Amino acid sequence: MSQENKEELQNETQVTKEETPQTNEAAAEAEAIENEFDLLQGEMTSLKDKYARVHADFENIKKRLEKEKYTAVEYANEKFAKDLIPVMDALHMALSSTASIVDSAEHLEKLKEGIELTLKQLTTALEKHGVSMVEHDAPFDPNIHNAVQSVDSDIIDSGQIVQTFQTGYKYKERPLREAMVVVAN
């Protein structure tokens, strides 16, 4: 072998020896990146699974709340209805008791007493649920009173209610039915 060939062979060996550590570093770096990629892919799969579970839980809660809301709306008046049942019982007893009374004056008195008690019972049930009568002795308020007539009066101040034709009712502060009244000029 000639001197030139020997030198060339030595140079190639040196280059190969020099390239090997760089190749090893690149391979190690590629392996580290691949491991990190696998780790991130596993974490992403775990997060996708967790997301799917949370989304399913959310949908189940949403359906349950919708059902509870429907049930609450459907049976919202149940307590009110239960409180009106005794009033119905009182009216039925009043009707059935009239058959046994012979004296008409006594009959009328008993009927009046029964109606007053039933009215009191009904008023109590309504008030328990926030329904109250509109005040008649207060000044005229167009939000809760409907003036069907106005009259001149020397005794009553202008804007005051003189007479009530129909009682008004309100639920808490919201009018259910306006009171029909006569107002003084």
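Here a colleague and a modeller talk through a predicted model of a protein chain.

Colleague: Let's start with the overall plan. In what order do the helices and strands come along the protein chain?

Modeller: Good place to begin! The protein chain has three helices and six strands. Reading from the N terminus on, the elements run α-α-α-β-β-β-β-β-β.

Colleague: And how much of the protein chain is buried?

Modeller: A residue counts as buried when its relative accessible area is under 20%. The protein chain has 185 residues, and the buried share of them is 10%.

Colleague: Among contacts between residues at least 6 apart in sequence, what share joins residues at least 24 apart?

Modeller: Here we look at heavy atoms within 4.5 Å of each other. Of the contacts in the protein chain between residues at least 6 apart, those joining residues at least 24 apart make up 61%.

Colleague: Now to the helices. How far apart should the ends of α3 be, and how far apart are they?

Modeller: Helix α3 covers residues 104-128, which is 25 residues. At 1.5 Å a residue, the expected span is 36 Å. The C-alpha atoms at its ends agree with that, being apart by 36 Å.

Colleague: What about α2, from its first C-alpha to its last?

Modeller: With 20 residues at 1.5 Å a residue, α2 is expected to reach 28 Å. The distance in the model is close to that, at 29 Å.

Colleague: Which elements do the buried residues of α3 pack against?

Modeller: The buried residues of α3 are T118, A125 and L126. On the other helix, V87, A90 and A94 are buried in α2, and what covers them includes α3. Seen from α3, the buried residues pack against α2 (78-97) and β1.

Colleague: Which residue follows α3 with a positive phi?

Modeller: Just after α3 there is a residue whose phi is near 90°. That residue is G130.

Colleague: Let's move to the sheet. Which strands stand at the edges, and why does each have a side without a neighbour?

Modeller: The open sheet has three strands in the order β1-β4-β5, with antiparallel pairing. A strand at the edge has a single partner strand, so one side of it is left without a neighbour in the sheet. The edge strands are β1 (131-133) and β5 (174-177).

Colleague: What is the average twist from one strand to the next?

Modeller: Picture the strands turning as you step across the sheet in the order β1-β4-β5. From one strand to the next, the twist averages 35°.

Colleague: How many bridges join β4 to β5?

Modeller: Let's take both pairs in turn. Strand β4 (residues 169-171) runs antiparallel to β1, and three bridges join them. β4 and β5 also run antiparallel, and the number of bridges joining them is three.

Colleague: Which residue takes a positive phi in the hairpin of β4 and β5?

Modeller: The hairpin has two residues between its strands. The positive phi, near 60°, belongs to K172.

Colleague: K170 looks interesting. Which residues stand opposite K170 in the sheet?

Modeller: K170 is found in strand β4. The residues touching K170 include G130, V131 and L176, leaving aside those up to four places away in sequence. Opposite K170 in β5 is P175, and on the β1 side the residue is S132.

Colleague: How far from K170 is the nearest side chain of opposite charge?

Modeller: K170 is buried yet has no salt bridge. A salt bridge needs the nitrogen and oxygen within 4 Å. The nearest side chain of opposite charge is that of E173, at 4.2 Å.

Colleague: How many salt bridges does the structure hold, then?

Modeller: Some of them lie within helices. One of them joins R64 and E68, at 3.5 Å from N to O, and these residues are about one helical turn apart in α1 (residues 3-74). Another is that of E66 with K69, at 3.6 Å. The structure's total is five.

Colleague: One last thing: are E116 and K112 buried, partly exposed or exposed?

Modeller: Their side chains meet in a salt bridge, at 3.9 Å from N to O. Both lie in helix α3, four residues apart, about one turn of the helix. E116 has 47% relative accessibility, and K112 also has 47%. Values between 20% and 50% belong to the middle class, so E116 and K112 count as partly exposed.

Technical notes: Residues are numbered from 1 along each chain as its sequence is written. This is a predicted model: local features need pLDDT of at least 70, side-chain atom pairs count only at pLDDT 80 or more; totals for chains, interfaces and linings use all residues. Side-chain values use heavy atoms; hydrogens and water are left out. Two strands pair if DSSP finds at least two bridges between them. Axes are lines fitted to C-alpha atoms, for helices over the stretch in contact, and angles run from 0 to 180 degrees between N-to-C directions. Buried means under 20% relative accessible area, exposed over 50%, partly exposed in between (1.4 Å probe, protein chains only). Lys and Arg count as positive and Asp and Glu as negative; His and the chain ends are not counted. The expected span of a helix is 1.5 Å times one less than its number of residues.
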